[in-house]
Each structure stands twice: as structure tokens, then as C-alpha cells.
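Open the model in your viewer and show side chains as sticks. This tour goes from one aromatic ring to the next.

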Amino acid sequence: MKFLYLDGSAREDGNTATLARQLLHNLDYSEIALRNHHIELIVDKRHDSEGFTSRQDEYDALLPAFLEADYVVFSSPVYWYGISAQLKVFIDRWSESLRIVPGFQEQVKQKKIFLVLVGGDDPQRKAQPIVQQFEYIAEFLELDLQGQLIGTGNKPGDILHDQIALEQARQINEQLTHIEERV
């Protein structure tokens, strides 16, 4: 069982990472902090005769980890009621992958994903557009959205005061640990 954690935060070891790592506690997982990688914005050439062209960035190097993972935890702070730019750019580039990576859609189909979001301004309510966005992404690619974990935190360390989110992370971790033990 391969677990991948895609850290979409601009801050190292922030509240979102803390909560995501609680969810993944004691599981064998790989972590990619998207802020540490150069990923170019998508240039939409789906309808151009030459199609998508090769890019000089790190997206292609990161893609295999995503494709090989059985479970992927996407995390982002709630930035202006949306996901981080780092995570959005990574996902936007899937439009290219659908066209130029052989078997991309088949490789992601039924991949199990979780969403971890942390915000300081009523995130249980204001992160719902992000949850809906991921529901649509999952529907389109036939990903298996296992659930979302939404916590409250603004200043560094605030998430450690959100006992509900920490308990939910523990419960999800327990479920994932049992799944991993059976494999």
C-alpha cells in the first residue's frame, strides 16, 4: 500500500501539514511539498494542432509518485476560500497528462484520495467550495474521494487546539492503519 502526501501549503510545517501528518501518523508515506518544486502554469493547448509541448519544470518528475500511490492526501490551507496556487497548478497540469501521458486516466481511476484543509475563518463552512471542487474532480477522473478533514487554525500551532479535527485525523489514521495491516 503506497501513501502519498501532497503538501500544498506555502508554509513549511504549518497547521495544514500538522493535521495531514496526524492523519498519516505511523503510516509509511512519501511527502511532496509542492512549494519546493517549480511547476509551470498550464498553457491550454488542448485544441491547438501542435497540442501540448514539453515544459522545463519539475511536474513530470513529480507525476510518477502520484501515479504509483494507492492513497493520496491532498492538503491546502484555505487561501481566499480556495486551494493554494501550488496545489491548483499541479492539478491543472493533469489536463496535459490526460492528453500526453499514456494511460493517465486508467492509472488514476479508483485512486483513493483524502482532502485536508485548514483555515482560520469559519473553515467548516467556507471550505465547502473546495470540497465541492474535489468532488467534481473525483467524479470526472473516477477517483475515490474517501473524505475530507477540515481544521481551524491561523497562527502557527493553532491546529493543535482544534480537538475535533485532531480526533477525526486519529480516527481516519486508525482506519488506514487497519487497511495497511491487511495488505
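What follows is a walk through aromatic contacts in a predicted model.

Begin with the overview. Eleven aromatic pairs turn up in a search of the whole structure.

Select phenylalanine 66 and phenylalanine 90. Their rings form an edge-to-face pair, with 6.1 Å from centre to centre and 85° between the planes. Which parts does this pair tie together? Colour helix H2 (residues 59–68), where phenylalanine 66 lies, and helix H3 (residues 85–92), which holds phenylalanine 90. The pair therefore links parts that are 24 residues apart in sequence.

Now turn on the surface. Are these two rings buried or exposed? Phenylalanine 66 has a relative accessible area of 0%, so it is buried. Phenylalanine 90 also counts as buried, because its relative accessibility is 0%; the cut-off for buried is under 20%.

Keep phenylalanine 90 and add tryptophan 94. This is another edge-to-face aromatic pair: 6.2 Å centre to centre, 75° between the planes. Tryptophan 94 has 3% relative accessibility and therefore counts as buried.

Widen the selection to Tyr59, Phe66, Phe74, Phe90, Trp94, Phe104 and Phe134. Together they form one aromatic cluster.

Last stop: go back to phenylalanine 66 and add lysine 111. What sits over the ring of phenylalanine 66? It is the charged end of lysine 111, 5.4 Å from the ring centre.

Conventions
Residues are numbered from 1 along each chain as its sequence is written. This is a predicted model: local features need pLDDT of at least 70, side-chain atom pairs count only at pLDDT 80 or more; totals for chains, interfaces and linings use all residues. Side-chain values use heavy atoms; hydrogens and water are left out. Rings of Phe, Tyr and Trp (its six-membered ring) pair if their centres lie within 6.5 Å; planes under 30 degrees apart count as stacked, over 60 as edge-to-face and the rest as tilted. Helices (H or I, at least four residues) and strands (E, at least two) are DSSP runs, numbered from the N terminus. Buried means under 20% relative accessible area, exposed over 50%, partly exposed in between (1.4 Å probe, protein chains only). A charge sits over a ring if NZ of Lys or CZ of Arg is within 6 Å of the ring centre and within 35 degrees of the ring normal.
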